[in-house]
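Welcome, and thanks for taking a look at this one with me. Below is a short briefing, grouped by topic, to read alongside the structure.

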Amino acid sequence: MLGPIAFLAACTVLVAAQNPLAAAKDSNGNPLPAYSPARPPAVPLAVRSPYTSAWSSTSKSGTLNTNGASFWPGAPLGWEGVVTVDGISYEYLGTGSTTLPKLPNLQPAKPLAVTYDSQYSNFTFAAGPVVVTASFLSSVLPDDLCRTSIPLSYLTTSVQSSDDSTHDVQFYSDVNAAWATSETNVTIQWDLHEGPDKINGSGNVLGDSSSIYSWFIYLQQPYEFAEETDLPLWGNFTYSSSPLGAQNFTFQSGFSGDLRYQYAMQHSLQSSVDADYRPSATREPVFAYAHDFGLVSSASVRYTIGSVQQPMVRFLTGQGVVPLQPWWIRCYGDIYRMIDFHFKDFDQTQTLASQFEHRLRADVDRYYDANMAMVYSNATTSTLPPYANSTQGSNGTDQYGNTYIFDPNNGYGFLDPQNFSGIAIPDVEEVEAYYSIVALSARQVS
């Protein structure tokens, strides 16, 4: 396995030499990452149901910390992630820093690589003397009905020193109410729970490092089985975390500008819950966690996220329409035990997800009658295609003699010159392109 320094060097070589988007830059002025197995129009983040379906678009040379997260129809979702190293904060997820005045100790992390399969999307960044990895896991487990019924997804953010030294490390993350409703003029409410118990938030809560804290965000006046712009108008949106190994764990809800500025300056939160329930357009409320690990060479935090509806659907029977509860209630009983099980089940879920991924790769391998499904696309050393150093678009001919246009500002990237529709990636082996499609398709049926 590559060490952090070797990994950084390898990513630099990949971005400079093999990445077809190497000369293009994101809106932060950083080179685009190397994508593997291929650059998709959007990368899945949290995809568990029609209501928990967040993606990061690659359109307009977008990255995780320039385009942020979007709901599947395209509306933006507030999801912020910051890692602080030796007093300098690096934004790796979202664009919340753009709402703050220019701060010398707050800057975007530099994207290095994006990889994905049927289970994971992994985004790697350089952040001063550390490597940051944001790993999104939306497990696809068709043989396990109970786990599959859980409408929650994981985000694990980790740092690893790239200079073999220890560093002072903190993590911050928040979400906004766009996950719960697209209507900006309706009142939303929120609560913070430690397990099943509602807490008002006073002082440091690091009493039990295994406790799970959950923000619940919901409409003050819900409408059961109703939707607005594909979002549900009933149920709860939840965002959970735990102290784990942090020296100090804090939380806070409140105006987005206040919380993000406070964290950038103090690297902690006030462990308080804002009692001023209001619409999302009024002093935008966000719901945040902060972890302080002190001097470390490596550290990680975990979050779970998702939209939970009870009841889930309406079913037409001979006796009329019957509301049905979600399947996970049979398995876990109530929402608190479901969140607890899911959060603590991470290691086992990883194992099961890895087993399914191995089966999928083996199936693709058998389909193409090859020795191994070679899924590395942009890491493949070969003669650079015509689009390798293009930033404004170019024309080319693929391995089959078909012409194409490369446009780095388009989500598809590669277009048919006749009608400008998206086409398959040129100069990529069919097995790699097929695997990419199957892996992304599997994520959407989880």
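Let's begin with one side chain: Arg278 has a relative accessibility of 5%, so this arginine counts as buried. Please keep in mind that the model is predicted. Arg278 forms a salt bridge with Asp274 and another with Asp276, so it makes a handy way into the charged pairs before we move on to the disulfide, a helix and two strand residues.

**Salt bridges around Arg278**

- In the pair of Asp274 and Arg278, the closest N and O atoms are 2.7 Å apart.
- Asp274 is buried too, because its relative accessible area of 18% falls under the 20% limit.
- In the pair of Arg278 and Asp276, the closest N and O atoms are 3.7 Å apart.
- Asp276 has a relative accessible area of 44%, so this partner is partly exposed.
- As general background, side chains of opposite charge can pair when their charged atoms come close.

**Salt bridges elsewhere**

- How many salt bridges does the structure hold? The count is 12.
- One of them brings together the side chains of Asp144 and Arg147, at 2.7 Å from N to O.
- Both Asp144 and Arg147 are buried.
- Asp345 joins Asp144 and Arg147 in a network of salt bridges.

**The disulfide**

- The model has 1 disulfide, and it joins Cys146 to Cys331 with an S to S distance of 2.0 Å.
- This pair links distant parts of the chain, 185 residues apart: Cys146 sits in helix 2 (residues 145-149) and Cys331 in helix 4 (residues 328-332).
- The link of Cys146 and Cys331 is left-handed, with -80 degrees about the S-S bond.
- Are these cysteines buried or exposed? Neither label fits: Cys146 is partly exposed because its relative accessibility is 27%, and Cys331 is partly exposed because its value is 24%.
- In general terms, a disulfide is a covalent bond between the sulfur atoms of two cysteines.

**Helix 7**

- Helix 7 (residues 430-444) has 15 residues, which should span 21 Å at 1.5 Å a residue; its end C-alpha atoms are 22 Å apart, so the two values agree.
- The buried residues of helix 7 are Val431, Glu432, Tyr435, Ser436, Ala439, Leu440, Ala442 and Arg443.
- Why do these buried residues count as being on the same side of helix 7? They do so because they cover an arc of only 160 degrees around the axis.
- The general rule behind such a pattern is that an α-helix has 3.6 residues a turn, so residues three or four places apart point the same way.
- Ile437 and Gln444 are exposed on the other side of helix 7.
- What do the buried residues of helix 7 pack against? Their partners are helix 6 (346-367) together with strand 2 (42-47), strand 9 (110-116), strand 10 (120-127) and strand 11 (130-137).

**Thr250 and Tyr289**

- Thr250 belongs to strand 20 (residues 248-255), and it is buried because its relative accessible area is 6%.
- A polar atom of the Thr250 side chain lies 3.0 Å from the backbone nitrogen of Leu269.
- Setting aside neighbours within four places in sequence, Thr250 is in contact with Ser268, Leu269, Ser271, Tyr289 and Ala290.
- Tyr289, one of those contacts, lies in strand 22 (residues 285-296).
- With a relative accessible area of 0%, Tyr289 is buried.
- The side chain of Tyr289 has a polar atom 3.3 Å from the backbone nitrogen of Trp215.
- Tyr289 and Ser242 are 47 residues apart along the chain, and their C-alpha atoms are separated by 9.0 Å.

**The chain as a whole**

- The protein chain contains 7 helices and 28 strands.
- Of its 446 residues, 53% are buried.
- Among contacts between residues at least 6 apart in sequence, 67% join residues at least 24 apart.

Terms used:
Residues numbered from 1 in each chain as written. Predicted model: local features only at pLDDT ≥ 70, side-chain atom pairs only at ≥ 80, totals over all residues. Heavy atoms only, no water. Disulfide = S-S within 2.5 Å. Helix = DSSP H or I, 4+ residues; strand = E, 2+ residues; numbered from the N terminus. Buried < 20%, exposed > 50% of the residue type's maximum accessible area, 1.4 Å probe, protein only. Salt bridge = Lys/Arg side-chain N within 4 Å of Asp/Glu carboxyl O. Expected span 1.5 Å × (residues − 1). Arc of directions from axis to C-beta. Contact = heavy atoms within 4.5 Å. Polar contact = N/O pair within 3.5 Å; in protein donor to acceptor, adjacent residues only side chain to side chain.
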